[in-house]
Number of protein chains: 2
Amino acid sequence: MPRAGLDPETVVAAGAALADETGFAHLTMGSLAQRLGVRTPSLYKHVAGLEDLNRRIAALALSQAADAVGAAVQGYAGRDALAAAARAFRAFVVEHPGRYAATIGVEPSGPDDPAAAAGQRLLGAFTAVLRGYEIAESDVDHALRLLRSLCHGFATLQAADGFRWSADIDESFEWLIAFADRGLRAM
Amino acid sequence: MPRAGLDPETVVAAGAALADETGFAHLTMGSLAQRLGVRTPSLYKHVAGLEDLNRRIAALALSQAADAVGAAVQGYAGRDALAAAARAFRAFVVEHPGRYAATIGVEPSGPDDPAAAAGQRLLGAFTAVLRGYEIAESDVDHALRLLRSLCHGFATLQAADGFRWSADIDESFEWLIAFADRGLRAM
DNA sequence: CAGATTTGGCTAATGTAATTAGCCTAAAGC
DNA sequence: GCTTTAGGCTAATTACATTAGCCAAATCTG
């Protein structure tokens, strides 16, 4: 039997891709093994189990989201940075709904959890956006939570098809960006 | 063997309670049957299966959330109404994390889906809040989506323990309410 | 290069949970 | 009381996750 040449990175990447295609809820060890041309138990040589796989996919997603937001923000400040960050984040979630879903509900296992570190990086990208606004030191945490809630809420509701009524979604999102910008400016 | 006297409402209510206590992910047909003092297959006389149970729990949660928000808003307008609605919504999610989690990811099966109707009622409660602000007709949908994203995002992030860093969460939430009020007022 | 070791596949077996089939009796209606 | 229906039950099937233990391919070492 020839080796398939798998390693944890390959397995996690394939799992993330499969989750994006078929939905996070439908990601099983069996379906992932099949996609990789391997029998189910073989996956356990690379990940500790389904929960470990989920955690790793979440870490990958957060890391990629942080990269996307960080890159989008480069060279911008103030409203432009905010808009770029928000759009990049939403685009990421819309393009990778499965892996983003994996990030909901993961609680970091320990202080050295890669998912937690990736989450911090994502947070850092948003913190950079806030530097373009005149926000009191004591308000930065609140503003960060606000931005995160806003982006997360909109993205997940859209991903879950939670917006079913009239008006155009893209327009709503631009409206949301304008709203946040106005609010942050008027501190 | 004496009858247990179950009906769909009892089963769904017990399921919602169990989800709140042990987490939505741990809700199984088996654990629910045990709590009701009945064997697993008996539940199928009242609900069509796990997916149907989830959908019904989601409908219950949305309906209760709509009641809570609607009641909280009574007699208030403007900022007071906004604060009351937001606090009531968050309180509901914090007190009933399991059943609220059931609402994430349910897609309405048809036009007569009770979950969709309950969702509309919840939306209506927030729409009432917006009437206290001077918002152009064309912006109401956008503002509604904003409020929903904000509340949903904050509540789910908190429920998932997504806020792990410094500053006080209640304070952040009040800050968020003030932010939204300011933004809506300045239309 | 031969032999030893580690690595990454595999089959087989176990445990848990959802679901279906089919039985059997308590409750409700006549 | 007799019939019907509704709501329990046991038993069986299926789908997954997971573990145990085998075996060959890579890799390392002398």
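## A tour from the DNA to the dimer interface

Start by selecting DNA strand C together with its protein surroundings: 21 residues surround the strand, and the closest are Arg3(A), Arg39(A), Ser42(A), Arg3(B) and Leu50(B). Keep in mind as you look around that this is a predicted model.

**Stop 1: the surface around strand C.** Colour the residues near DNA strand C by class, and you should find ten nonpolar, seven polar and four charged. Now turn to the strand itself and show its atoms within 4 Å of the protein: 61% of them belong to sugar or phosphate, and the rest belong to bases.

**Stop 2: three phosphate contacts.** Zoom in on Ser42(A), already met among the closest residues. A polar side-chain atom of Ser42(A) sits 2.4 Å from a phosphate oxygen of DNA strand C. Next, pick His46(A), where a polar side-chain atom lies 2.9 Å from a phosphate oxygen of the strand. Then cross over to chain B and select Met29(B): here a polar backbone atom is 3.0 Å from a phosphate oxygen of DNA strand C.

**Stop 3: the two protein chains.** Hide the DNA for a moment and superpose the protein chains. Chain B can be laid on chain A with an RMSD of 0.1 Å, using a turn of 180 degrees and a shift of 0.0 Å along the axis. The two copies are therefore related as by a two-fold rotation axis. To find that axis in your viewer, select Gly153(B): its C-alpha, at 1.8 Å, comes closest to the axis of the residues of chain B. Both copies use the same surface, as 100% of the contact residues of chain B recur in chain A.

**Stop 4: the interface.** Select the contact residues on each side, and you will have 38 residues of chain B touching 38 residues of chain A. How much area is buried between chain B and chain A? The value is about 3700 Å², with carbon and sulfur atoms giving 65% of it. Looking for salt bridges between the two chains, you will find zero. Polar contacts do occur: 14 residue pairs between chain B and chain A, both at pLDDT 80 or more.

**Stop 5: the helices of chain B.** Show chain B as a cartoon and pick out helix H7 (140-159) and helix H8 (169-185), the elements that give two or more residues to the side touching chain A. H7(B) gives the most to this side, with 14 residues. To finish, colour this side of chain B by class, which shows 20 nonpolar, ten polar and eight charged residues.

Technical notes. Residues numbered from 1 in each chain as written. Chains lettered and ligands numbered in written order. Predicted model: local features only at pLDDT ≥ 70, side-chain atom pairs only at ≥ 80, totals over all residues. Heavy atoms only, no water. Least-squares fit on C-alpha atoms with pLDDT ≥ 70 in both. Contact = heavy atoms within 4.5 Å. Buried area = accessible area lost by both parts, 1.4 Å probe. Salt bridge = Lys/Arg side-chain N within 4 Å of Asp/Glu carboxyl O. Polar contact = N/O pair within 3.5 Å; in protein donor to acceptor, adjacent residues only side chain to side chain. Helix = DSSP H or I, 4+ residues; strand = E, 2+ residues; numbered from the N terminus. Nonpolar A, V, L, I, M, F, W, Y, C, P; charged D, E, K, R; others polar. Near = heavy atom within 4 Å.
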